[in-house]
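Subject: Structure for you to look at

Hello,

I am handing over the structure we talked about, and I would be glad if you opened it and read the notes underneath with the model in view.

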Amino acid sequence: MKVTEHIKNSKKTIFSFEILPPLKGQNIQSIFDNIDPLMEFNPPFIDVTYHREEYVYKEVENGLIQKKIVRKRPGTVGICSAIQNKYQVDAVPHILCGGFDKEDTENFLIDLDFLGIDNVLALRGDAVKSEIYFKPEKDGYQYASDLVKQIVELNKGHYLDEELQNKSKTDFCIGVAGYPEKHAEAPSLDSDIHFLKKKIEAGATYIVTQMFFDNAKYFEFVDKCRKRGITVPIIPGLKPIATKKQLNLIPHRFNAQIPDDLIMAIVKCENNEAVRQVGIEWAVEQCKELIKEDVPVLHFYSMGNSSNIKAIASQLF
Ligand code: FAD
């Protein structure tokens with residue numbers, strides 16, 4: 001079933017979460033071990049992130065350096081299929097512009113369609129780690145809105161090769177990303193929302209937000225989107241802080257500000273177990289207010305650690 005149908009059919013706020021494929025070499029059991037403790041909260045859908053290639057540099061003979069392209073976390077499609085089979089829960093694979101040309105995209109979508117996966121979150125992806133700016137593939141896309149357009153075309157049965165016979169239509173429900181504190185590269189929140197609207201006009205039917213720690217930022221964002229005529233569900237993305245290191249990492253990597261009260265509470269902690277508790281309490285308070293305001297879904301970024309998500313969900317669902 002589609003994410004938007006789950007939202008439409010539910011009278012109350014839904015619980016859902018996002019997982020990362022494990023590092024190459026690990027078993028799928030590590031994924032199930034993360035999902036199992038959260039199943040009691042009945043998530044109707046689970047997102048699985050996509051991780052593009054990275055460049056690594058290895059020293060070879062004669063002191064020469066060899067550049068290698070590696071994917072450290074492959075397996076998005078396989079995990080989505082395994083989730084649907086094992087838990088009978090809809091999986092939402094993330095699909096990127098980065099690293100994909102149009103043909104790769106079409107073939108990826110055909111795989112998903114054949115596996116009975118009918119939800120995707122369409123994203124541009126970040127620049128490759130060693131590069132400053134995002135560079136599309138030759139014959140790939142610069143912006144997520146263009147990726148959305150290709151998925152919509154496939155939903156109409158329009159393939160890249162117009163001469164194909166007996167063309168079948170796919171039926172993907174398409175989500176896109178939104179940024180309550182603007183995307184890091186956007187010159188302003190207004191311009192970012194302007195381009196967010198392009199993704200909706202292209203055919204996306206819901207938005208999942210970047211993590212935020214101050215609900216006021218989310219409410220203001222939703223308000224601005226509504227004033228701009230964006231009417232689709234806007235799902236808040238939530239991440240409980242679990243380590244002191246994240247105080248520096250999160251604002252830098254996700255362009256999400258951490259309120260002073262939360263910073264001070266974390267700074268006072270003597271160890272990461274205490275930080276984890278503060279993170280859980282903060283997220284519970286955020287969630288209670290969001291539920292009161294009738295948000296469609298509470299969507300958690302698990303980042304490979306479901307124990308704190310479980311601690312939060314058990315106080316709410
Ligand atoms: P876009 O919507 O294309 O926007 C990118 C930037 O370009 C923005 O600044 C926007 O304002 C601007 N822009 C858009 N259109 C135009 C235009 N026509 N002209 C000029 N400027 C324009 N990354 C991963 O690698 N894997 C994942 O699985 C993943 N999952 C994510 C899930 C969520 C919920 C979120 C919020 C992010 C996720 N990301 C993931 C990160 C995401 O890929 C990055 O934030 C990326 O830098 C932007 O992606 P986007 O789809 O929002 O890009």
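Below are some notes on cavities and on cysteines.

Please keep in mind throughout that this is a predicted model, and that the values that follow are computed from it.

To begin with the interior space, the structure holds one cavity of 30 Å³ or more, and the volume of the largest cavity comes to about 30 Å³. If you would like to find it on your screen, look for the residues that line it, which are F213, K239, P240, I241, L262, G279, W282, A283 and Q286. Among the elements that contribute to this lining, helix α10, which covers residues 272-292, gives the most, with four residues. When the lining of the largest cavity is sorted by class, six residues are nonpolar, two are polar and one is charged.

Turning to the cysteines, a search of the whole structure finds zero disulfides. Why does C97 not form one with its closest cysteine? A disulfide needs two cysteine sulfur atoms within 2.5 Å, whereas the sulfur of C97 is 18 Å from the closest one, in C173, and is therefore too far away for a bond. C97 is also buried, with a relative accessible area of 1%.

The case of C269 can be read in a similar way, because its sulfur is 19 Å from the closest cysteine sulfur, which belongs to C287, and that is too far for a bond. C269 counts as buried as well, at 9% relative accessibility.

With best wishes

How values were computed. Residues numbered from 1 in each chain as written. Predicted model: local features only at pLDDT ≥ 70, side-chain atom pairs only at ≥ 80, totals over all residues. Heavy atoms only, no water. 1 Å grid on protein atoms, 1.4 Å probe; cavity = no way out; pocket = protein on both sides within 12 Å on 5 of 7 lines; lining within 4 Å. Points joined across faces, edges and corners; volume = space filled by probe spheres on them. Helix = DSSP H or I, 4+ residues; strand = E, 2+ residues; numbered from the N terminus. Nonpolar A, V, L, I, M, F, W, Y, C, P; charged D, E, K, R; others polar. Buried < 20%, exposed > 50% of the residue type's maximum accessible area, 1.4 Å probe, protein only.
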